[in-house]
Amino acid sequence: MALFALGDLHLSFQANKPMDAFGAVWKRHEAKIEKYVNQLVRPEDTLVLTGDHSWGRRLSECQEDLAFIERLPGRKILLRGNHDMFWDVGKTERLNEAFAGRLFFLQNNFAVYQDYALVGTKGFTFEGPFYLDRRGRIVDWDETREQQAKKLVAREAERLMQSFRQAEAAGYRKFIMFLHYPPTNVLEERSVFTDMAEAHGVSVVVYSHCHGERRFGDSLRGEHRGVQYRLVSGDYLRFKPEKILE
Ligand SMILES: [Fe+2]
Ligand SMILES: [Fe+2]
């Protein structure tokens, strides 16, 4: 039994938004996802998909994308990404009822893997604009946008806290934490999300959203203050799901 993660499938079987323009790695990327997930993930495994599943704007425009995900092996757990317009945060329970036994939507709830609680939310982070000097070093940024981002970060932190509270109330003390956005912005070494991970003794923080080589280093990777950070965006992994736990 193993726990895998992969983010940013960016499927568009109905919305017809080919990703090829974003580089060779995205060429027929859905075929790569299908191939690698089938090679690596067994029916008894768990696969957490960390958001940006579908380009469809409504649920009716995502049916084929979600059916593709359903056909992948293993138990599938989905996190909200910034592009998942079909997923109204207030209607997660309704999605879980509609897809019961097929897909689990992780938001204001938690899932269980062995003796770990899988907690998560979309998260948020300040993405600029940043202003650079001639050498490409950040010297300033848009402070209005930074203030807006702080509000969104606080809201997402509260949602994540709900996930932790429910898992703790059910007796769980070991956690894997999932975010769609990176846990920090490019300026930060720590954030409310890294603080929460440390305070709860989280083993691994898994996130995605960063696309293209220039963005892969935007946040933490590897071990920091006792927590492992793993980037699992699809193009970073070349669409091979990453094993998080045996
Ligand atoms: Fe994405
Ligand atoms: Fe994203």
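# Exercises on a predicted model

In this predicted model, Arg137 has 8 C-beta neighbours inside 10 Å and therefore counts as exposed. The exercises below go from single residues to helix packing and the nonpolar core.

## Exercise 1. Placing Arg137

Determine where Arg137 is found, and state how far apart Arg137 and Glu156 are in sequence and in space.

Solution. Begin with the secondary structure: Arg137 is found in the loop between strand 7 and strand 8, the latter covering 138-141. Then turn to the pair with Glu156, where the separation is 19 residues in sequence and 29 Å in space, taken from C-alpha to C-alpha.

## Exercise 2. Classifying three leucine and alanine sites

Decide from the number of C-beta neighbours inside 10 Å whether Leu78 is buried or exposed, treat Ala117 in the same manner, and then classify Leu40.

Solution. The step of reasoning needs the cut-offs, which are 20 or more other C-beta atoms within 10 Å for a buried residue and 12 or fewer for an exposed one, with partly exposed in between.

Step 1. Leu78, which is found in strand 3 (residues 75-79), has 26 C-beta neighbours inside 10 Å and therefore counts as buried. Leaving aside neighbours within four places in sequence, Leu78 is in contact with Leu49, His53, Leu103, Phe104, Phe105 and Leu106. As for Ala111, it stands 33 residues from Leu78 in sequence, and the two C-alpha atoms are 11 Å apart in space.

Step 2. Ala117 lies in strand 6 and is buried, because 23 other C-beta atoms are within 10 Å. When residues up to four places away in sequence are not counted, Ala117 touches Phe110, Val112, Ala167, Tyr172 and Phe175. Its C-alpha atom is separated by 9.6 Å from that of Gln166, although the two residues are 49 apart along the chain.

Step 3. Leu40, found in helix 1, has 18 C-beta neighbours inside 10 Å, so that it counts as partly exposed. Its contacts, again not counting residues up to four places away in sequence, are Phe4, Lys240 and Pro241. Between Leu40 and Glu30, ten residues apart along the chain, the C-alpha separation is 15 Å.

## Exercise 3. Backbone exceptions

Which residues does a cis peptide bond join, and what is the phi of Arg28 and of Arg225?

Solution. The background is that most residues other than glycine have a negative phi, and most peptide bonds are trans.

Step 1. The cis peptide bond joins Gly128 and Pro129, with omega at about 10 degrees. Pro129 is placed in the loop between strand 6 (116-121) and strand 7 (130-132).

Step 2. Arg28 has a positive phi, near 45 degrees, in a residue other than glycine. Arg28 is located in the loop between strand 1 (3-6) and helix 1 (29-40), and with 11 C-beta neighbours inside 10 Å it counts as exposed.

Step 3. For Arg225, phi is likewise positive, near 50 degrees. The loop that holds Arg225 runs between strand 11 (222-224) and strand 12 (227-231), and Arg225 too counts as exposed, with 11 C-beta neighbours inside 10 Å.

## Exercise 4. The packing of helix 4 and helix 5

Describe how helix 4 and helix 5 pack, giving the angle and the distance between their axes, and name the residues that meet.

Solution. Two packed helices are described by the angle between their axes and the distance between the axes.

Step 1. Helix 4 (residues 143-169) and helix 5 (residues 192-199) pack at an angle of about 20 degrees, and their axes are 10 Å apart. Angles under 35 degrees count as roughly parallel, and helix 4 and helix 5 are therefore roughly parallel to each other. Their crossing is right-handed.

Step 2. On the side of helix 4 the residues are Val153, Ala157 and Leu160, which meet Val192, Phe193 and Met196 in helix 5. Sorted by class, this contact has six nonpolar residues, no polar and no charged ones.

## Exercise 5. The nonpolar core

How many residues has the largest nonpolar core, and which strand gives the most to it?

Solution. The largest nonpolar core has 53 residues, and those with the most contacts inside it are Val48, Leu118, Val119, Ile176, Met177, Phe178 and Val206. Strand 9 (residues 174-179) gives the most to this core, namely five residues. To look at one residue, Met177 touches Val119, Gly120, Ala197, Val202 and Val205, not counting residues up to four places away in sequence.

Key. Residues numbered from 1 in each chain as written. Chains lettered and ligands numbered in written order. Predicted model: local features only at pLDDT ≥ 70, side-chain atom pairs only at ≥ 80, totals over all residues. Axes fitted to C-alpha atoms, helices over the stretch in contact; angles between N-to-C directions. Helix = DSSP H or I, 4+ residues; strand = E, 2+ residues; numbered from the N terminus. Parallel < 35°, antiparallel > 145°, perpendicular 65-115°, else oblique. Left-handed = near helix turned anticlockwise from the far one by under 90°. Contact = placed C-beta atoms within 7 Å. Nonpolar A, V, L, I, M, F, W, Y, C, P; charged D, E, K, R; others polar. Core = buried A, V, L, I, M, F, W, Y, C linked by C-beta atoms within 7 Å.
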